[in-house]
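Thank you all for making the time this morning. I would like to walk through one structure with you, going from the chain as a whole to a few individual residues.

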Amino acid sequence: MEHEDYMRQALALAKEAAAAGEVPVGCVIVRDGAVVGRGRNRREEKQAVCSHAEMEAMAEANAALGSWRLEDCALYVTLEPCPMCAGAILNARIPRVYYGARDAAMGACGGVTNLFMEEFPNRPALVGGILREECQAVLRDFFRDLRQKDQA
């Protein structure tokens, strides 16, 4: 599979999140060509600050692999990870991170800051802009609809 194929799977999860009234972010974690973790934002559903798509996908991957270390995995997420998720990625030792849209408000991979440029051990390689337009469109449409609902 190609990077775009994995990002499309993450986009499908983002659309599920939007349909559930969550900020539309989706994430998949891949090891040896197989998806081992999937997640979407569930903060509203669970009323839990840590229920970001990346955190949900990492928890599922940990359970699937029987390890907190995700050293042989790649993470695909539709929106640039925030500082909390970037910290978890660093701690999980994920070596490759691919994201779609940049996050100018909370992004920790260059949008606001880049935690992966700091002198942490096990810093991942970072590739942004995978299906950027599609990832941005899901977010843009969600927030447009939310604003229209608030005005009604």
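With 152 residues, a compact globule would be expected to have a radius of gyration near 15 Å, and the protein chain has 15 Å, so the two agree. Please keep in mind throughout that this is a predicted model. Taken along the principal axes, the box filled by the C-alpha atoms is roughly 50 × 30 × 30 Å. Of the 152 residues in the protein chain, 43% are buried, and if we take the contacts with a separation of 6 or more, 55% of them join residues that are 24 or more positions apart.

As for the surface, the protein chain exposes about 7,800 Å², with carbon and sulfur atoms supplying 49% of that area. There are 18 positive and 22 negative side chains, and the centres of these two sets lie 1 Å apart.

Turning to the secondary structure, we have five helices and five strands, and their order along the sequence is α-β-β-α-α-β-α-β-β-α.

Let me begin with the helix that closes this pattern, α5, which covers residues 132–151. This helix has 20 residues and reaches 29 Å from its first C-alpha to its last, which is close to the 28 Å expected at 1.5 Å a residue. Which residues of α5 are buried? They are Cys135, Ala137, Val138, Leu139 and Phe142. As a reminder, an α-helix has 3.6 residues a turn, so residues three or four places apart point the same way. The cover over the buried residues of α5 includes α1 (3–19), β3 (73–79) and β4 (96–101).

Strand β4 is also where we find alanine 101, which counts as buried because its relative accessibility is 1%. Leaving aside residues up to four places away in sequence, alanine 101 touches Thr78, Leu79, Glu80, Arg132, Cys135, Gln136 and Leu139. Two of the names in that list, Cys135 and Leu139, came up a moment ago as buried residues of α5. Alanine 101 can also be placed relative to glycine 111, from which it is ten residues away in sequence and 9.6 Å away in space, C-alpha to C-alpha.

A second alanine, alanine 64, sits in helix α3, residues 53–65. Is alanine 64 buried or exposed? With a relative accessible area of 52%, alanine 64 is exposed. Alanine 64 and glycine 37 are separated by 27 residues in sequence, while their C-alpha atoms are 7.4 Å apart in space.

Finally, I would draw your attention to the backbone at two loop positions. Aspartate 32, in the loop between β1 (26–31) and β2 (34–40), has a positive phi of about 50 degrees although it is not a glycine. Leucine 131, which is placed in the loop between β5 (125–127) and α5, likewise has a positive phi, near 50 degrees, and is a residue other than glycine. As regards exposure, aspartate 32 counts as exposed because its relative accessibility is 72%, whereas leucine 131, at 13% relative accessibility, counts as buried.

That is where I will stop, and I am happy to go back to any of these positions.

Definitions and conventions
Residues are numbered from 1 along each chain as its sequence is written. This is a predicted model: local features need pLDDT of at least 70, side-chain atom pairs count only at pLDDT 80 or more; totals for chains, interfaces and linings use all residues. Side-chain values use heavy atoms; hydrogens and water are left out. Helices (H or I, at least four residues) and strands (E, at least two) are DSSP runs, numbered from the N terminus. The radius of gyration is taken over C-alpha atoms; the globule rule is 2.2 Å times the number of residues to the power 0.38. Buried means under 20% relative accessible area, exposed over 50%, partly exposed in between (1.4 Å probe, protein chains only). Contact means heavy atoms within 4.5 Å. Accessible areas come from the Shrake-Rupley method with a 1.4 Å probe; for residues, only the protein chains shown count as cover. Lys and Arg count as positive and Asp and Glu as negative; His and the chain ends are not counted. The place of a charge is taken as NZ of Lys, CZ of Arg, CG of Asp or CD of Glu. The expected span of a helix is 1.5 Å times one less than its number of residues.
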